[in-house]
Amino acid sequence: VLTSARDSTAQLWSRSRPEKPVIFAGHLRGPVWEARFSPSGEQIVTAGADESVRIWIWDADQGIEIRRLDGHRGAVYTADFSPDGSYVVSGGEDRRLLAWKVDSSQDPPEPREVITERLATKEEPLDNSGAYTVVGEHAAAIRCISFASHGNTLYSASQDNTVCVWDV
């Protein structure tokens with residue numbers, strides 16, 4: 001069982017060893033609002049109050065590898081893998097749905113670069129790194145997203161009292 005928690009972690013619980021969950025600690029502050037498995041079960045995505053999305057690759061022999069995805073301007077409440085596992089889409093307080101290519105060989109910009117650029121321009125930097133694509137936007141925070149099983153349709157639910165259907 002995969003759970004998210006207020007203490008900035010996600011936990012992977014086993015029925016054979018319930019007293020020893022695997023702890024995924026890496027979000028900087030606040031709750032981890034959501035944690036989900038990739039379709040293959042080899043990766044986990046988490047959405048956090050620290051404005052980041054994280055992809056966790058856990059290997060019993062090599063430990064945990066973390067990829068941090070920055071781009072949101074506020075808490076990230078939801079994230080999910082596409083059914084083929086090639087993309088992660090996230091949504092949150094900034095009302096935007098962002099998509100990242102999971103197998104991209106290009107690393108996302110360092111947090112310091114993102115912050116420096118935001119301060120210099122006083123707005124969200126243009127995505128010149130290829131790190132994410134804006135899928136769409138709601139009028140209020142996005143709280144839940146889910147892909148249809150075929151992967152071409154994404155559903156998002158928002159505090160603006162709407163559910164949107166996106167052809168991705």
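Which strands each supply at least two residues of the lining of the largest pocket? I'll start there, and I should say at once that this is a predicted model.

The strands are S9, residues 87-92, S10, residues 96-101, and S11, residues 133-137. Of these, S10 gives the largest share of the lining, with 3 residues. The pocket has a volume of about 250 Å³. Its lining consists of 17 residues, and those nearest the centre are Tyr 87, Val 89, Ala 99, Val 135 and Val 168. By character, the lining splits into 9 nonpolar, 6 polar and 2 charged residues.

Next, His 138. This residue sits in the loop between S11 and strand S12, the latter being residues 142-147. Is His 138 buried or exposed? His 138 has a relative accessible area of 5%, and the cut-off for buried is under 20%, so this histidine counts as buried. Its side chain makes two polar contacts that I want to point out. One is with the side chain of Asp 160, at 3.2 Å. Another is with the side chain of Thr 162, also listed at 3.2 Å. If we set aside neighbours within four places in sequence, His 138 is in contact with Arg 95, Ser 156, Ala 157, Ser 158, Asp 160, Thr 162, Cys 164 and Trp 166.

Now towards the start of the chain, to Ser 8. This serine is in the loop between strand S1, residues 2-4, and strand S2, residues 9-12. Ser 8 is buried as well, because its relative accessible area of 11% is under 20%. What does the side chain of Ser 8 have within reach of a polar atom? The backbone oxygen of Gly 30 lies 2.7 Å from a polar atom of that side chain. Ser 8 and His 27 are 19 residues apart in sequence, yet their C-alpha atoms are 5.5 Å apart in space. Beyond four places in sequence, the residues that Ser 8 touches include Phe 24, Ala 25, Gly 26 and Pro 31.

Phe 24 leads to the aromatic pairs. The count comes to 3 aromatic pairs, and I will show two. Phe 24 and Trp 56 form an edge-to-face pair, 5.5 Å centre to centre with 70° between the planes. Phe 24 is in strand S3, residues 22-25, and Trp 56 is in strand S6, residues 52-59, so far as sequence goes 32 residues apart; the pair links distant parts of the chain. Both Phe 24 and Trp 56 are buried.

The other pair is Trp 33 with Tyr 77, again edge-to-face, at 5.5 Å centre to centre and 75° between the planes. Trp 33 belongs to strand S4, residues 32-37, and Tyr 77 to strand S8, residues 76-81, so the pair ties together parts 44 residues apart in sequence. Here the burial is mixed: Trp 33 is partly exposed, with a relative accessible area of 39%, whereas Tyr 77 is buried, at 13%.

Last, Glu 65, which is placed in strand S7, residues 63-70. Glu 65 has a relative accessible area of 49%; since exposed requires over 50%, this residue is classed as partly exposed. Leaving out residues up to four places away in sequence, Glu 65 touches Ile 55, Trp 56 and Ile 57. Between the C-alpha atoms of Glu 65 and Ile 55, which are 10 residues apart along the chain, the separation is 8.2 Å. Trp 56, then, appears both as a contact of Glu 65 and as the partner of Phe 24.

Methods
Residues numbered from 1 in each chain as written. Predicted model: local features only at pLDDT ≥ 70, side-chain atom pairs only at ≥ 80, totals over all residues. Heavy atoms only, no water. 1 Å grid on protein atoms, 1.4 Å probe; cavity = no way out; pocket = protein on both sides within 12 Å on 5 of 7 lines; lining within 4 Å. Points joined across faces, edges and corners; volume = space filled by probe spheres on them. Helix = DSSP H or I, 4+ residues; strand = E, 2+ residues; numbered from the N terminus. Nonpolar A, V, L, I, M, F, W, Y, C, P; charged D, E, K, R; others polar. Buried < 20%, exposed > 50% of the residue type's maximum accessible area, 1.4 Å probe, protein only. Contact = heavy atoms within 4.5 Å. Polar contact = N/O pair within 3.5 Å; in protein donor to acceptor, adjacent residues only side chain to side chain. Phe/Tyr/Trp six-rings, centres within 6.5 Å; stacked < 30°, edge-to-face > 60°.
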